[in-house]
Amino acid sequence: MTAAHDAYGPGALDALARALGAYERDRFTGTVRVSGRPGGVLGLRRGLVLSARSPGAPDVETRLLRSGRVAQGRIEAAELRMLHMRVLYDAVFAMAVGQVAGCVAEPVRAASAPPGPGHCPSALVRETARRLAALERLPGAVEPCREPLLAVPMAAGSEASRPGAGREILALADGRRTARDIAFRTGRGLYTITVEANLLLGRGLIIRVPQGGSTPGPGAPDLAEPLLRRRRDRPGAQPPGRVATADLPRRIPGASGRTRTLAEEHSATSRQGILRRTGRTGIDGAG
């Protein structure tokens with residue numbers, strides 16, 4: 001027996017929040033499969049979230065292996081519990097920063113649910129909203145699972161002494177890897193890599209490579225445009241707003257020059273965002 005939930009609206013975190021709220025009220029026990037990009041899977045027991053996995057964020061095994069912690073020796077139980085919690089929050093962040101098409105619940109008996117501490121869904125949603133709000137305040141605007149990153153020439157050399165995730169991003173940003181790819185490669189959290197990538201973007205040390213593979217010019221107007229606004233203004237986004245036009249000359253062999261108008265839709269009104277849920281500020285720097 002399965003219970004299906006349709007998409008709840010344009011906001012990924014809105015969809016997750018409403019689904020988790022319903023499962024918490026019903027004291028649901030089982031698996032919730034979140035469809036979308038990147039999507040993921042949540043494990044619940046009596047309405048509390050036990051686990052979360054997403055192809056958009058490294059799991060516990062990946063983080064242990066890639067970070068070199070396994071090679072360093074025995075992992076303390078307390079450290080492993082903390083890592084499980086970070087992975088859970090990171091997976092929900094990956095789902096929320098992407099797109100959610102819907103949720104399908106697959107109930108099981110409470111006795112069949114895995115042991116372990118559960119996390120209150122409302123607290124999970126609040127923390128995810130805080131992270132999204134913190135990213136929106138940064139100077140860059142990196143979509144972690146969609147946009148390849150490229151280090152500008154000489155950036156890696158000039159930042160060779162920069163510690164931690166920033167140095168790793170500069171070394172791995174080759175124009176093909178996204179922040180998600182770099183998180184998997186380094187064994188760091190997706191949120192941590194996304195924060196550092198936004199800071200590097202704001203400093204002009206990396207650029208986003210648009211779909212199609214060509215890099216933007218030095219005067220590209222959207223390098224620091226807020227993330228949620230760019231997502232809202234994609235082709236097909238609703239509601240439509242004003243249309244901005246620009247005349248571009250076009251040459252055709254054997255004919256005189258002519259112009260055409262290219263229309264680019266921008267949303268004129270802002271919908272109620274996911275960021276109003278929280279008044280907290282700051283960035284969790286934990287990897």
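Is tyrosine 23 buried or exposed? In this predicted model, tyrosine 23 has a relative accessible area of 4% and is therefore buried, the cut-off for that class being under 20%.

The protein chain as a whole has 287 residues, of which 42% are buried. Its secondary structure amounts to 10 helices and 9 strands. Among contacts with a separation of 6 or more, 73% are between residues 24 or more positions apart.

Confidence should be considered before the details. The mean pLDDT of the protein chain is 74, and 62% of the residues reach at least 70. Helix H8 (residues 179–186) has the highest confidence, at 95, while strand E9 (residues 258–265) has the lowest, with a mean of 37. Two stretches call for caution. Residues 216–226 remain under 50 in pLDDT, and the model gives them 15 contacts beyond four places in sequence. Residues 238–286 are also below 50, with 81 contacts in the model beyond near neighbours in sequence. Where pLDDT is low, the predicted coordinates should not be read in detail.

Tyrosine 23 leads to the aromatic pairs, of which a search of the whole structure finds 2. In one of them, the ring centres of tyrosine 23 and phenylalanine 28 are 5.2 Å apart; the planes meet at 40°, so this pair is classed as tilted. Phenylalanine 28 is buried as well, because its relative accessibility is 11%. The rings of phenylalanine 93 and tyrosine 191 have centres 5.3 Å apart and planes at 75°, which makes the pair edge-to-face. Phenylalanine 93 belongs to helix H4 and tyrosine 191 to helix H9 (residues 190–202), so the pair ties together parts that are 98 residues apart in sequence. Both rings belong to buried residues: phenylalanine 93 has 0% relative accessibility, and tyrosine 191 has 2%.

Helix H4 (residues 77–97) also packs against helix H2 (residues 60–67). Two packed helices are described by the angle between their axes and the distance between the axes. For H2 and H4 the angle is about 115° and the axes are 9 Å apart. Their crossing is right-handed. On the H2 side the contact involves Val60, Arg63 and Leu64; on the H4 side it involves Leu80, Leu83, His84, Arg86, Val87 and Asp90. By class, these comprise 5 nonpolar, 1 polar and 3 charged residues.

After H9, the loop that leads to strand E7 (206–208) contains leucine 205. Leucine 205 is buried, at a relative accessible area of 12%. Its C-alpha atom is separated by 8.4 Å from that of proline 153, although the two residues are 52 residues apart along the chain.

Some backbone features remain. Most residues other than glycine have a negative phi, and most peptide bonds are trans. Arginine 27, in the loop between helix H1 (12–25) and E2, has a positive phi of about 50° without being a glycine. With a relative accessible area of 53%, arginine 27 is exposed. Arginine 46 likewise has a positive phi of about 50° and is not a glycine. Arginine 46 sits in the loop between E3 and strand E4 (48–53) and is partly exposed, at 43%. A cis peptide bond, with omega about 10°, links arginine 37 to proline 38. Proline 38 is in the loop between strand E2 (30–37) and strand E3 (40–45).

Technical notes:
Residues numbered from 1 in each chain as written. Predicted model: local features only at pLDDT ≥ 70, side-chain atom pairs only at ≥ 80, totals over all residues. Heavy atoms only, no water. Axes fitted to C-alpha atoms, helices over the stretch in contact; angles between N-to-C directions. Helix = DSSP H or I, 4+ residues; strand = E, 2+ residues; numbered from the N terminus. Left-handed = near helix turned anticlockwise from the far one by under 90°. Contact = heavy atoms within 4.5 Å. Nonpolar A, V, L, I, M, F, W, Y, C, P; charged D, E, K, R; others polar. pLDDT = per-residue confidence, 0-100. Phe/Tyr/Trp six-rings, centres within 6.5 Å; stacked < 30°, edge-to-face > 60°. Buried < 20%, exposed > 50% of the residue type's maximum accessible area, 1.4 Å probe, protein only.
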